[in-house]
Amino acid sequence: MTSVMRIDVFFDLICPWCLIGKRQLERALEQFHISHPDVEVELGWHGVQLLPHLPAQGVPFVEFYRQRLGGDDAVRARQAQVRQAAATVGVDIDFSTIGTMPNTADAHRLLERADELGDAAQRDALLERLLAGYFHKGENLGDRDTLLAIAESCGYPEQAISDCLEGASPYDDKGMGARGVPYFVFNRRQAVSGAQPAQVLLQAMQQALERSPAA
């Protein structure tokens with residue numbers, strides 16, 4: 001009987017470390033599939049709204065980070081750190097294109113609806129498109145029309161998803177925001193916090209598999 005590796009990932013779309021962590025997980029999974037070809041992987045994505053109190057229209061991105069970090073020099077240093085980490089996994093984050101720090105409640109509700117509709121590959125394509133929209137195209141993920149256009153580009157008709165876009169009403173992330181993101185749970189037994197290297201995630205997968213009852 002085929003064994004199963006369940007991986008739950010908690011993330012927010014505006015967190016660059018979550019994008020970096022996603023790429024590290026993809027690298028770890030490539031290695032895992034080679035060493036465990038008989039193990040089926042089930043991947044679940046769980047939204048966490050890091051900034052639930054942002055207004056529906058969001059706030060100016062540059063000013064948000066200037067106030068959060070204390071000045072332009074601190075912002076440049078943080079962005080350089082993030083871009084360097086992103087480059088190690090082949091990701092180029094262009095902060096200059098981002099005009100708005102969005103409220104991500106609707107974007108998470110959109111992904112949750114996509115998950116309910118049942119096509120994992122289509123949902124994963126939507127997740128990638130949302131991340132690309134924010135970190136590469138500077139799209140406002142808090143804007144209803146933008147989210148509808150992104151969803152339709154991934155094959156979701158407006159009538160299937162429009163009612164889940166509710167504006168700035170908070171997204172229920174089951175309290176996971178207090179733990180920080182990205183946060184990975186393997187087979188509900190082994191947890192890893194942060195955008196860890198692929199080898200760390202791979203080791204956690206192997207340990208979770210060893211600790212799980214035989215199928």
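**Talking through the fold**

Colleague: Which element gives the most to the lining of the largest cavity?
Modeller: Bear in mind that this is a predicted model. Strand 1, helix 1 and helix 5 (120-135) each give two or more residues to that lining. The biggest share, 4 residues, comes from helix 1.

Colleague: And how much space lies in the largest cavity?
Modeller: The structure holds 1 cavity of 30 Å³ or more. Its lining is made of 13 residues, with Phe-11, Cys-18, Leu-19, Lys-22 and Trp-45 nearest the centre. The space inside comes to about 70 Å³.

Colleague: Okay, the sheet now. Which strands stand at its edges?
Modeller: We've got 4 strands in an open, mixed sheet, ordered 2-1-5-6. Two of the strands have a single partner each, so one side of each is left without a neighbour in the sheet. Those are strand 2 (39-47) and strand 6 (190-193).

Colleague: What is the bridge partner of Phe-10 in strand 5?
Modeller: Strand 1 (residues 3-11) pairs with strand 5 (residues 183-186) in the antiparallel sense, over 4 bridges. The partner you're after is Tyr-183.

Colleague: Which strands does helix 1 touch?
Modeller: Helix 1 (residues 16-35) packs on the sheet, at about 170 degrees to the direction of strand 2. The strands it touches are strand 1, strand 2 and strand 5.

Colleague: Last one: how many residues are in the largest nonpolar core?
Modeller: Leu-126 is among the residues with the most contacts inside that core, as are Met-5 and Phe-186. Beyond four places in sequence, the contacts of Leu-126 include Leu-110, Ile-150 and Tyr-156. The core has 67 residues.

Technical notes:
Residues numbered from 1 in each chain as written. Predicted model: local features only at pLDDT ≥ 70, side-chain atom pairs only at ≥ 80, totals over all residues. Heavy atoms only, no water. Pairing = 2+ DSSP bridges. Contact = heavy atoms within 4.5 Å. Axes fitted to C-alpha atoms, helices over the stretch in contact; angles between N-to-C directions. Core = buried A, V, L, I, M, F, W, Y, C linked by side-chain atoms within 4.5 Å. Buried < 20%, exposed > 50% of the residue type's maximum accessible area, 1.4 Å probe, protein only. 1 Å grid on protein atoms, 1.4 Å probe; cavity = no way out; pocket = protein on both sides within 12 Å on 5 of 7 lines; lining within 4 Å. Points joined across faces, edges and corners; volume = space filled by probe spheres on them.
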